[in-house]
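Here is a short tour of a protein chain, written to be read beside its sequence and model. Take a moment to look at the fold, and then follow along from the overall layout to single residues.

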Amino acid sequence: MNVLIIDDDITKAVSIVNSLKRVHDGILDVTIKSSGTKGYYEYRSRPDNYDLIVLDMSMPMQPDMFVRRAGLSVLTLLNRLKLENKTPVIMCSSGEVDINECRQRYSNVIGSVLYDPMLYMDNKFRELLED
């Protein structure tokens, strides 16, 4: 399984990788991008390469700037690409965005939501991978 993690917090990204390893039996190939822009361009350049995207909702679009809720910008961009690709997105949120609004607006993009702290991450990944 190929996973793209878009998160500026390396500690959280490593936690996500460890959780995926616990619930996925096969080979896990993970790419981590530390900004929204880097993550989006990585996905856009190889959309068929990824089976899952894990997206932090509050991170910078660029490494040198912090724009709260930059994950919304990435969701908007991914939404445009979703017409061609069906890669599920797990949205990680600490409550800074309106989850219900995101689910309505990006229903074809968001596969699931993880709330920070991500206490039940293993269960969420297990549910998504079983579908």
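## Overall layout

A residue is called buried here when its relative accessible area is under 20%. Please keep in mind that this is a predicted model.

The chain has 131 residues, and 46% of them are buried. Its secondary structure consists of five helices and five strands, and from the N terminus the elements follow the order β-α-β-α-β-α-β-α-β-α. Among contacts between residues at least 6 apart in sequence, 64% join residues at least 24 apart. About 7000 Å² of the chain is exposed, with carbon and sulfur atoms supplying 47% of that area.

## Strands S1, S3 and S4

Let us begin with S3, which has partners in both S1 and S4. S1 and S3 pair in the parallel sense over four bridges, and S3 and S4 likewise pair in the parallel sense over four bridges. Some individual positions help you find your way: Ile-6 has Leu-55 as its bridge partner in S3, Ile-53 has Val-89 as its bridge partner in S4, and Asp-56 stands opposite Cys-92 in S4.

How much of S3 is buried? Five of its five residues are, so S3 is largely enclosed by the rest of the structure. Both of its faces are covered, with Leu-52, Val-54 and Asp-56 on one side and Ile-53 and Leu-55 on the other, all of them buried.

S4 tells a similar story: five of its five residues are buried, so this strand too is largely enclosed by the rest of the structure. Val-89, Met-91 and Ser-93 point one way from S4, while Ile-90 and Cys-92 point the other way.

## Two nonpolar cores

The largest nonpolar core holds 17 residues, of which Ile-6, Tyr-43, Ile-53, Leu-55, Leu-75 and Leu-78 touch the most other members. Elements giving two or more residues to this core are strands S1 (2–6), S3 (52–56) and S4 (89–93), together with helices H2 (36–45) and H3 (70–81). The most comes from H3, which gives four residues.

There is also a second, separate core of 13 residues, and its members include Val-3, Ile-5, Ile-90 and Cys-92.

## A closer look at Ile-6

Ile-6 has its place in strand S1, and it counts as buried because its relative accessibility is 0%. Which residues does Ile-6 touch, leaving aside those up to four places away in sequence? The list is Lys-33, Ser-35, Gly-36, Gly-39, Tyr-40, Ile-53, Val-54, Leu-55, Asp-56, Met-59 and Val-74. One of these, Leu-55, is also its bridge partner in S3.

For a sense of distance, try Thr-37: this residue is 31 residues from Ile-6 along the chain, and the two C-alpha atoms are separated by 9.2 Å.

## An aromatic pair

A pair of aromatic rings is described by the distance of the centres and the angle of the planes. The count of aromatic pairs comes to two. In the pair formed by Tyr-43 and Tyr-50, the ring centres are 6.5 Å apart and the planes lie at 35°, so the pair is tilted. Are these two tyrosines buried or exposed? Both Tyr-43 and Tyr-50 are buried. Tyr-43 also appears among the residues that touch the most other members of the largest core.

Conventions: Residues numbered from 1 in each chain as written. Predicted model: local features only at pLDDT ≥ 70, side-chain atom pairs only at ≥ 80, totals over all residues. Heavy atoms only, no water. Core = buried A, V, L, I, M, F, W, Y, C linked by side-chain atoms within 4.5 Å. Buried < 20%, exposed > 50% of the residue type's maximum accessible area, 1.4 Å probe, protein only. Phe/Tyr/Trp six-rings, centres within 6.5 Å; stacked < 30°, edge-to-face > 60°. Contact = heavy atoms within 4.5 Å. Areas by Shrake-Rupley, 256 points an atom, 1.4 Å probe, with all protein chains shown as cover. Pairing = 2+ DSSP bridges.
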